[in-house]
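Open your viewer and keep the selection tool at hand. This tour goes stop by stop, telling you what to select and what you will find there.

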Amino acid sequence: MLGPGERWKQRLPSALGALAYRDYRLIWFGQVVSNVGTSMQQLGLGWLIVQLAERNGAAHLVPVYLGLVGLSRGVPVIFAGLAAGVIADRVDRRKLLMGVQVYWACVSAILAILTLVDMINIGLILVLTVLSSIAQTFDGATRQTVYPRLVPPRSMVSAIGLNSMAFNVAQFIGPMIGGFLIGPLGPGGLITLNAVSFLALIAAIAASSPLPGHTGKHRVSPLHSIRESFAFVIGQPIVGWAMLLSLVGSMLARSFQPLFPAFVHDALHGDARDLSFVMTAAGIGALTGAFGTASLGSIPRRGVVFACSGIALGGMLVLFGMQTSIVPAVVLAYAVAGCSQLFVTMATTLYNTHTPDEVRGRVMGLSTIVVQGGNAMGAMVVGSLGAVIGIGAALSVGGGVFAATSATVVARVRALRDEAIHDQAASAVAGPASATVGS
């Protein structure tokens with residue numbers, strides 16, 4: 001019989017169901033604090049780059065510097081993603097997650113110190129950004145393999161949706177706090193706060209229970225492990241089709257956010273204030289999409305929801321690209337980001353619930369490459385097309401092609417269309433969970 005302290009957990013809304021499990025709750029709250037620090041650093045780093053360019057008499061090169069920083073974030077993912085997955089399948093994932101946070105905090109601390117003593121330059125920023133990107137890649141691949149060990153299968157959608165919410169909430173709180181603090185503290189102060197914020201997640205991981213062992217194959221070579229992951233993705237129709245559709249979506253539709261400045265300037269003929277409205281609306285939309293996905297709980301037809309969210313994302317992007325005034329653009333930015341968040345969260349749910357534990361880390365590493373690498377490549381492709389036909393038209397073309405692709409997949413791929421998850425089947429895939437309702 002449940003005690004009074006446990007009954008409230010049984011009454012949690014489905015969107016918050018994963019918070020009923022102690023270890024997930026610890027790591028989630030630690031992640032929120034750490035993500036707020038990271039978003040504060042992004043604000044401080046962006047302003048630092050502007051200051052460095054002006055100091056060097058090269059203010060006109062700010063877009064180039066920002067583009068190089070973005071490139072230094074994206075390229076390491078391609079090389080580190082598979083390695084992260086292989087390692088996550090071979091070592092204690094809890095210890096790996098802890099080590100990644102300590103390493104990432106050290107990189108941020110070095111950046112903070114160099115900024116505070118006025119020894120920072122663009123070259124050092126690029127190097128440290130590459131090192132941070134490697135940490136982020138290992139963090140993403142490892143953390144998503146830990147979730148199935150912290151919650152039961154019925155709470156998987158909630159866990160993944162709450163993970164997205166932790167990121168999106170931080171995208172509001174971090175810049176809001178940073179906007180007040182950057183005046184008195186400067187960029188170096190914000191970067192320092194980010195380094196300190198890692199302590200919350202490190203403490204949460206340390207306080208969580210050890211994970212049960214997993215059955216990863218340690219005797220085969222890393223190259224063989226990578227081949228196994230590709231073979232699994234190709235041979236598992238739900239995971240394979242979900243990842244393929246995710247790649248198309250990342251390249252054609254989910255790369256819209258880096259192109260917002262060009263769209264506001266060229267299509268809306270707006271200014272920085274208009275850009276802030278569009279980006280804020282997209283942030284709220286992403287947060288809404290994350291909460292909405294978490295609210296789906298144990299919905300059975302996740303494959304259909306996944307593909308239909310792709311259709312919706314493409315359709316909303318078509319309409320967004322056609323706008324020439326700020327108000328409808330803001331509304332549609334909200335809708336596009338919400339559909340995008342639903343799409344990517346449902347994809348992650350499908351990967352986790354249809355992937356054996358011994359290959360899960362490598363599959364999530366491939367997913368990281370697909371999402372982050374695809375977004376970087378898509379921004380280049382759609383942006384280049386926009387230089388020829390206009391950025392609004394390019395976004396609409398990308399959205400239209402992706403919507404048509406998603407509709408074709410849901411119509412022709414029976415495995416994805418008929419996909420239904422039951423706790424018993426998912427449990428066999430996810431392996432033994434260490435999820436226990438705790439206080």
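**Stop 1: Confidence**

Colour the chain by pLDDT. In the chain, confidence is highest in helix 4, at a mean of 92, and lowest in helix 16, at 40. Helix 16 covers residues 423-430. Remember that this is a predicted model. The mean pLDDT of the chain is 77. Of its residues, 79% reach 70 or more.

Now select residues 421-439. Here pLDDT stays under 50. The model has 47 contacts beyond four places in sequence for this stretch. Read those contacts with the low pLDDT in mind.

**Stop 2: The whole chain**

Switch to cartoon view. What does the secondary structure of the chain come to? Count 16 helices and 0 strands. The chain has 439 residues, and buried residues make up 54% of them.

Next, think about contacts. Take those in the chain with a separation of 6 or more. Residues 24 or more positions apart account for 86% of these contacts.

Turn on the surface. The accessible surface comes to about 18,300 Å². Carbon and sulfur atoms hold 70% of that surface.

**Stop 3: Helix 2**

Select residues 22-55, which form helix 2. Begin with Arg22 and Asp23. Their side chains meet in a salt bridge, at 2.8 Å from N to O. Are these two residues buried or exposed? Asp23 is buried, because its relative accessible area is 9%. Arg22 has a relative accessible area of 28%, so Arg22 is partly exposed.

Move along to Ser34, also in helix 2. Ser34 has a relative accessible area of 4%, so this residue is buried. What is Ser34 in contact with, leaving aside neighbours within four places in sequence? Show Asn194, Ser197, Phe198 and Leu201.

Go on to Gln51, again in helix 2. Gln51 is partly exposed, because its relative accessible area is 28%. Draw a line from its C-alpha to that of Pro187. The two residues are 136 apart in sequence, and 9.7 Å apart in space.

**Stop 4: A bridge between distant parts**

Select Arg55 and Asp118. They form a salt bridge, with the closest N and O atoms 3.0 Å apart. This pair links distant parts of the chain, 63 residues apart. Arg55 is in helix 2, and Asp118 is in the loop between helix 4 and helix 5. Both Arg55 and Asp118 are exposed. In all, the structure holds 2 salt bridges.

Stay on Asp118. Its relative accessibility is 51%, which is why Asp118 counts as exposed: the cut-off is over 50%. Now check its backbone. What is the phi of Asp118? The value is near 60 degrees, which is positive, in a residue other than glycine. Most residues other than glycine have a negative phi.

**Stop 5: Helix 4**

Step back to residues 93-116. This is helix 4, and Asp118 comes just after it. Helix 4 has 24 residues. From first C-alpha to last, helix 4 reaches 34 Å. That is close to the 34 Å expected at 1.5 Å a residue.

**Stop 6: Phe138 and its surroundings**

Select residues 122-150 for helix 5, then pick Phe138 inside this helix. Phe138 counts as buried, because its relative accessibility is 15%. Which residues does Phe138 touch, not counting those up to four places away in sequence? Show Ala80, Ala83, Ala84, Ile87 and Val100. Phe138 and Ala80 are 58 residues apart in sequence. In space, their C-alpha atoms are 7.5 Å apart.

**Stop 7: A nonpolar patch**

Now select Phe79, in helix 3 (residues 62-88). Its relative accessibility is 65%, so Phe79 counts as exposed. Add Leu68, Leu71, Val75 and Ile78 to the selection. With Phe79, these residues form a nonpolar patch on the surface. Together the five have about 480 Å² of accessible area.

**Stop 8: Helix 12**

Finish at residues 326-353, which make up helix 12. Try the span check here. At 1.5 Å a residue, the 28 residues should span 40 Å. The end C-alpha atoms of helix 12 are 41 Å apart, which agrees.

Last, look at what surrounds helix 12. Is helix 12 mostly covered or mostly exposed? Helix 12 is mostly covered, with 21 of its 28 residues buried.

Methods:
Residues numbered from 1 in each chain as written. Predicted model: local features only at pLDDT ≥ 70, side-chain atom pairs only at ≥ 80, totals over all residues. Heavy atoms only, no water. Patch = residues over 30% accessible without salt bridge, like charges linked within 9 Å, V, L, I, M, F, W, Y side chains within 5 Å. Areas by Shrake-Rupley, 256 points an atom, 1.4 Å probe, with all protein chains shown as cover. Salt bridge = Lys/Arg side-chain N within 4 Å of Asp/Glu carboxyl O. Helix = DSSP H or I, 4+ residues; strand = E, 2+ residues; numbered from the N terminus. Buried < 20%, exposed > 50% of the residue type's maximum accessible area, 1.4 Å probe, protein only. Expected span 1.5 Å × (residues − 1). pLDDT = per-residue confidence, 0-100. Contact = heavy atoms within 4.5 Å.
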